[in-house]
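Trainee: I have this model open and would like a close look at a single part of it. Please choose a spot, walk me around it slowly, and then connect it to what lies beyond.

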Amino acid sequence: MVDYPTNTSHTHFNKALFLDRDGVLIDYVPYLSQPEQVKLPDSAGDALKQWQNAGYLLIIITNQAGVGRGYYSLQDVEKVHSYIHQQYNRFGVSFDDIFVCPHHPDDKCSCRKPSPEMLIKAAKKHHIALSQSFFVGDAPSDLEAAIRANCEPILVLTGRGQETFKNIAQSTKKIKVFKKLSDTVQLINLGEDRRLG
Ligand SMILES: [Zn+2]
């Protein structure tokens, strides 16, 4: 046992549902930069409320290379995020954190997915057990980041998901696939069964 004298909460680890933004949390629009372009997928609000009620932290992990490419600013991204938050709040959903990589792919930064860095940072900051957490994404880079972080990758077939599915079809990796974000609530009960069993 490790002794944490100042903060007993450190002995407890959280679980998280990590979420890619474009094509997962909101309908896919390439280089989306305005709140007006934001549309929540069907039943996504209710689904995330269920995840939250089950005790999962909700954390957004997003590459926004449009900033590095000069298409829009980090302030535009923040405006979009506050709008997304507002829209999900209507369902009682609150995001615990948002991690953004604003870099151009040519910058060779350390945070851009498929790097697991944003997931690892989030885990340190929020005391998350990555092995008991999920990362829902629609792109190969999301799945790879999840695998490299030792977090369970979940592919949804929205956004770029169909294309991603075709590309991983040959792969031997067992990746859970769901038609859309709201279908992932099936995993909550699986987790409960595992815990009780
Ligand atoms: Zn980066």
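Mentor: Gladly. Let's begin with the meaning of touching: two residues are in contact if their C-beta atoms, placed from the backbone, lie within 7 Å. Keep in mind too that this is a predicted model.

Our starting spot is Val80, which sits in helix 3, residues 74–89. Leaving out residues up to four places away in sequence, Val80 touches Leu32, Ser33, Pro35 and Val38. Take Val38 from that list: Val80 and Val38 are 42 residues apart in sequence, yet their C-alpha atoms are 7.6 Å apart in space. Is Val80 buried or exposed? A residue needs 20 or more other C-beta atoms within 10 Å of its own to be buried; Val80 has 23, so it counts as buried.

Now step back to see the setting. The protein chain holds seven helices and six strands, and from the N terminus its elements run β-α-β-α-α-β-α-β-α-β-α-β-α. The six strands form an open sheet in the order 3-2-1-4-5-6, with parallel pairing. At its edges are strand 3 (97–101) and strand 6 (176–178), each of which pairs on one side only. From one strand to the next, the twist averages 25 degrees. If you follow the sheet to strand 6, you will find it joined to strand 5 (residues 152–156) in the parallel sense over three bridges, and there Val156 stands opposite Phe178 of strand 6.

Helix 1 (residues 44–53) packs on this sheet, touching strand 1 (15–19) and strand 2 (56–63), and its direction makes about 125 degrees with that of strand 2. Which residues of helix 1 are buried? They are Ala44, Ala47, Leu48 and Trp51. Viewed down the axis of helix 1, these buried residues fall within an arc of 95 degrees, so they line one face of the helix. The spacing makes sense in general terms: an α-helix has 3.6 residues a turn, so residues three or four places apart point the same way.

After helix 1 comes Gly55, with a positive phi near 95 degrees. Tyr56 is then in strand 2. With 23 other C-beta atoms within 10 Å, Tyr56 is buried. Beyond its neighbours within four places in sequence, Tyr56 is in contact with Lys15, Ala16, Leu17 and Trp51. Trp51 also belongs to the buried residues of helix 1. A far longer stretch of sequence separates Tyr56 from Ile188: they are 132 residues apart, but 9.3 Å apart in space from C-alpha to C-alpha.

That brings us to the interior. The largest nonpolar core has 38 residues, of which Leu17, Phe18, Leu19, Leu119, Phe135 and Val136 touch the most other members. Strand 2 gives the most to this core, with five residues. Look at Leu19 in particular: outside its neighbours up to four places away, Leu19 touches Val24, Leu25, Leu58, Ile59, Ile60, Ile61 and Val136.

Leu119 leads us to helix 4, where Met118, Leu119, Ala122 and Ala123 are buried. Down the axis of helix 4, these residues fall within an arc of 140 degrees, so they too line one face of their helix. They pack against strand 1, strand 2, strand 3, strand 4 and helix 5. On the other side of helix 4, Lys124 and Lys125 are exposed.

The loops around helix 4 deserve a look as well. Most residues other than glycine have a negative phi, and most peptide bonds are trans. Before helix 4, in the loop from strand 3, you will find Pro114; a cis peptide bond joins Lys113 to Pro114, with omega about 20 degrees. After helix 4, in the loop leading to strand 4, comes His127. His127 has a positive phi of about 55 degrees although it is not a glycine. Asn150, in the loop between helix 5 and strand 5, also has a positive phi, near 65 degrees.

Conventions:
Residues are numbered from 1 along each chain as its sequence is written. This is a predicted model: local features need pLDDT of at least 70, side-chain atom pairs count only at pLDDT 80 or more; totals for chains, interfaces and linings use all residues. Helices (H or I, at least four residues) and strands (E, at least two) are DSSP runs, numbered from the N terminus. A residue is buried if 20 or more other C-beta atoms lie within 10 Å of its own, exposed if 12 or fewer, and partly exposed in between; C-beta atoms are placed from the backbone. Two strands pair if DSSP finds at least two bridges between them. Axes are lines fitted to C-alpha atoms, for helices over the stretch in contact, and angles run from 0 to 180 degrees between N-to-C directions. A nonpolar core is a set of buried Ala, Val, Leu, Ile, Met, Phe, Trp, Tyr and Cys residues joined through C-beta atoms within 7 Å. The arc is that of the directions from the helix axis to the C-beta atoms.
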